[in-house]
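Open the model in a viewer and keep the sequence beside it. The stops below say what to select next and what is found there.

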Amino acid sequence: MSLQERQPVGVTEDGLDYDALADLLGDRVIGREHHLNAEGFVVRPTDVEETLELLRDEAGFDHLSCLTAQEYEDRYESIYHLTKYDDRTQELSVVVPADPEDPVSESAAGVYETANWHEREAYDLVGVDYDDHPDLRRILLPETWQGHPLANDYHQDRPQLVPFQEHKNPLEDDHHDAESDTMFLNIGPHHPATHGVLHLKTTLDGEQVADVDPDIGYLHRCEEQMAQQGTYRHQIMPYPDRWDYASAGLLNEWAYARVAEDLNDIEVPEYAQVIRTMGAELCRIAAHMLAVGTFALDIYGDFTAIFMYAMRDREKVQNILEDLTGQRMMFNYFRLGGVVWDLPEPREEFFEQTRDFLDDLPETLEEYHDLITNNEIFQKRVIDTGVLDPEDAKSYGCTGPVARASGIDYDLRRDDPYGYYDELDWDVITENGGDNYSRFLVRMQEVEQSARIIEQCVDLLEDWPEDERTIQSNVPRTLKPEPDTETYRAVEGAKGELGIYVRSDGTDKPGRFKIRSPCFSNLSALESMSEGEYVPDLVATLGSLDVILGEVDR
Amino acid sequence: MSNEPRDAISGSTDPQTKTREARIGPDLDNRFNSKLREAFGSSPFILTKFDKFMNWVRGSSMFMLQFGIACCSIEMMHTYAVKHDLDRFGSGVPRASPRQADVMIVPGTIVSKFAPRMKRVYDQMPEPKFVVNMGSCAISGGPFQEGYNVIKGAEEVIPVDIHVPGCPPRPEALVYGVVKLQERIANGESSPVTVKPYELEQFGDLEQDELVDKLAAEIDEEDLVMRYNWADSP
Ligand code: SF4
């Protein structure tokens, strides 16, 4: 698709021409809906694959960002949120209603790889049955679960049984077979290299990986249900901190803030935007430092210098963030329409502390480069292992440092600007290797860029006139958006595109709240990256993907 | 008495009884009333001393299980790392294998799919073993308590010695919890191992009901299962 010569259908000077797109699809479109972020085309459940294929090939929608499934009184609905890696502002929703009695809908897994996992999740939690799906089984909940928890008739109090079974080798009928060439290996869910509770069902041929099937859901703590039970104004904001918990809290909070502000038409004062930008980038540094530290831990195999250095630097960032927000990790600092309080007094001290950190950073990064980047043994382990080529990355819906390390120039901070990013001077980092090394390099360089952003924010905040320091706009005590307003909005989280879909139902709580987690999509690419590699490279690949299971499982 | 030089052996007929009598005596021989004895207390002599000694050793040199679950594990890593350095208290070497560990810190939310695994990891640790609950999730389900998939605390599954509240607890709080655990261990206390609401059982041993009937085709009689009666959860 990148070699396309023709101009994609529907692209005009000033954005998308939805009518041209509708013409392209012809009578497959049986209705139109309006979502705040994009138009929605309603298509029949039997036309999904054709529709998406046309949109991908003719109109250039190469990024299936998210799939939301939900149940209404009279129907099930799957919404495919499409957009483009080249221009994130061009969005389109494909809405597929399905029968309430027998919710069957055609699968999109043949068009976008990422639909595979997304549809499994939709089946698991909501209960839509995707026809022609290559492997439709539960993904987050155990196989034996009864009912679909986000469907309307689910009773939470019904008992459930969870078996503790031996896992079967997917390649062999019986992996105890003496004749068999392959060996089955469980990695996780409790394993030091899985960064939490990830379970990899691995089949080995000698020391090479023949098949790997990530088994997730060991940390599925019902984040969507929690958000659907909370009120927009205050009760949802604490939860995003706990999605990507590698101290990336503010980045996640921004995802919620952005979608809720969009939905309720809330303006955010400029001063608050600058504070948000600064806080978010501090979080990004902390998150990337954790990624670097644990990646080194995976490769070198011990809690030694690099891990300790990374932790030391995280401590510094956490101290600054604690002064700003009052918490080390679970900040709960953003409010709809701004932030909860101004910078800590005395401000000079805060600025000084932040500047000290920034001044030390180049030297610190030099240390890392000496220890890791230039280390030949490290290079041997990571260069040309775990290669993800750009076409695959797009098909699997990879975003963030993972996509950028495969040469995809895609960063929501620049491509779909929010906050104060478009006023500041910084670069999007890309590398072309697509291997473990590139992903590591991208993160290291992004730390530098974040530092640049923070520095500019500090400059701005220092000179901000005292009587214009508005930290919050006026927001009503209860927010009740118009019923059936729908929107999908994303921000650039530490791991990539962190999106949220919200449908309001006229009350002060969301009717449906769907989280698009970057780690979820990034992890789904693991299979294509590690087949044929050695086991130790699989571990390195997993480390360089930098998944946080809290965000994968939600 | 016996501190005096005894008779020549040749002239003695009952040297052994003499010493023994001297030991048993009408009263205890004051040679034994040493400071050591005061400190150690009375009988049974060897056993209690050794136990006490062992408890002290145990408390002073604990191997933690390297066990990360959720957000709290990030703070747990900080507790192990520079600045907080749990190793100062003789308990900072995480072991990757449960068979080498004697303390398990449970740092996060436990969900239905994970509880059987956690139980198994706990079972694999050698006795004596201790558990520290880190954070509200491990204590009660915390912010996710109402979730359809969340176990309302690790204590539903395994015995727990110390609870460290917080979301997440600061590293200092975890250090305090671990030191408290050491104190308890040195005093020979630990939480009793009792039957927990959610245990691993053989599928065949479950009471027949609708759910069991329904799953009978999918699960073998001998397979281990964990049954969650959500309605009875706190
Ligand atoms: S107690 Fe809080 S910080 Fe700890 S695992 Fe639970 S939600 Fe995360």
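**Stop one: E91(A)**

Select E91(A) and show its neighbours: leaving out residues up to four places away in sequence, E91(A) touches L16(A), Y18(A), N37(A), A38(A), F61(A), L82(A), T83(A), Y488(A) and R489(A), where contact means heavy atoms within 4.5 Å. This is a predicted model, in which local features need pLDDT of at least 70 and side-chain atom pairs count only at pLDDT 80 or more, while totals for chains, interfaces and linings use all residues. Residues are numbered from 1 along each chain as its sequence is written, chains are lettered from A and ligands numbered from 1 in the order in which they are written, and side-chain values use heavy atoms, with hydrogens and water left out.

E91(A) sits in strand β7 (residues 91-98) of chain A; strands (E, at least two residues) are DSSP runs, numbered from the N terminus. E91(A) has 5% relative accessibility and therefore counts as buried (under 20% relative accessible area, with a 1.4 Å probe and protein chains only). Its side chain and that of N37(A) are joined by a polar contact of 2.9 Å (a pair of N or O atoms within 3.5 Å, one able to donate a hydrogen and the other to accept it; residues adjacent in sequence count only if both atoms are side-chain atoms).

**Stop two: strand β16(A)**

Two of the residues touched by E91(A) are Y488(A) and R489(A), so named here as the way into the next selection, residues 486-492 of chain A, because seven of the seven residues of this strand, β16, are buried and the strand is largely enclosed by the rest of the structure. Colour the two faces: E486(A), Y488(A), A490(A) and E492(A) lie on one side, T487(A), R489(A) and V491(A) on the other, and all are buried.

Now add strand β17 (residues 497-504) of chain A, which pairs with β16(A) in the antiparallel sense over seven bridges (strands pair if DSSP finds at least two bridges between them). R489(A) has I500(A) as its bridge partner in β17(A). The two strands form a hairpin with four residues between them, and G496(A) in the turn has a positive phi of about 140°.

**Stop three: two domains**

Colour domain 1 (3-131) and domain 2 (236-479) of chain A; the bounds come from an automatic or database domain assignment. Their C-alpha centres lie 31 Å apart. In contact are 10 residues of domain 1 and 15 residues of domain 2.

Notes. Buried < 20%, exposed > 50% of the residue type's maximum accessible area, 1.4 Å probe, protein only.
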